[in-house]
Amino acid sequence: QVQLVESGGGSVQPGGSLRLLCAASGSAISTYVMSWLRQVPGKERELIVYIAGNSITNYGDSVKGRFIINRDNTKNTVYLQINSLKPGDTGVYYCYLYSMGSWGKGTLVTVSS
């Protein structure tokens, strides 16, 4: 079983940036599709981006052009660079490994002036 730990969240002003990390342990994740989801207050958890084992990516419309996902297989870590943040991006960001049903506990991003 893989354990996932997210970090990098925080409070930023609109237009700011953060870099989120998803560190995996227990097994190598290099061949797996890794996803980031977020839960905005009052809404269901939303898939925002995923990266395949061959590094092909797919972004949701709400984050396309502002967020960038990548992975470092030597560190067993997936990153999410989030730019041009808006108040509507506020929420808890989760890392998810679908093949194993593994979730992290999330990291909170707050965008506010």
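Strands here are DSSP runs of E, at least two residues in length, numbered from the N terminus. The model is predicted.

**Exercise 1.** Place Arg71 in its strand and find what its side chain reaches.

*Solution.*
Step 1. Arg71 belongs to strand β7, which spans residues 67-72.
Step 2. Check for a charge partner. Arg71 is buried but has no salt bridge. Asp72, the nearest side chain of opposite charge, is 8.7 Å away. The cut-off for a salt bridge is 4 Å.
Step 3. Turn to backbone oxygens. The Arg71 side chain reaches that of Tyr32 at 2.9 Å. A polar atom of the same side chain lies 2.8 Å from the backbone oxygen of Ala52.
Step 4. List the surroundings. Leaving out residues up to four places away in sequence, Arg71 touches residues including Ile29, Met34, Ile51, Gly53 and Val78.

**Exercise 2.** Classify the ring pairs Tyr96–Tyr98 and Tyr96–Trp103.

*Solution.*
Step 1. The structure has 4 aromatic pairs.
Step 2. For Tyr96 and Tyr98, the ring centres are 6.2 Å apart and the planes meet at 80 degrees, so this pair is edge-to-face.
Step 3. Tyr96 and Trp103 are stacked, at 4.1 Å centre to centre with 25 degrees between planes.
Step 4. Assign exposure. Tyr96 has 16% relative accessibility, so it is buried. Tyr98, at 61%, is exposed. Trp103, at 37%, is partly exposed.
Step 5. Ring pairs join Tyr94, Tyr96, Tyr98 and Trp103 in a cluster.

**Exercise 3.** Which rings lie under Arg19 and Arg45?

*Solution.*
Step 1. Arg19 places its charged end over the Tyr79 ring, 4.1 Å from the centre.
Step 2. Arg45 lies over the face of Tyr94, 3.7 Å from the ring centre.
Step 3. Tyr94 is also one of the cluster residues.

How values were computed: Residues numbered from 1 in each chain as written. Predicted model: local features only at pLDDT ≥ 70, side-chain atom pairs only at ≥ 80, totals over all residues. Heavy atoms only, no water. Helix = DSSP H or I, 4+ residues; strand = E, 2+ residues; numbered from the N terminus. Buried < 20%, exposed > 50% of the residue type's maximum accessible area, 1.4 Å probe, protein only. Lys, Arg positive; Asp, Glu negative; His and termini not counted. Polar contact = N/O pair within 3.5 Å; in protein donor to acceptor, adjacent residues only side chain to side chain. Contact = heavy atoms within 4.5 Å. Phe/Tyr/Trp six-rings, centres within 6.5 Å; stacked < 30°, edge-to-face > 60°. Lys NZ or Arg CZ within 6 Å of the ring centre and 35° of its normal.
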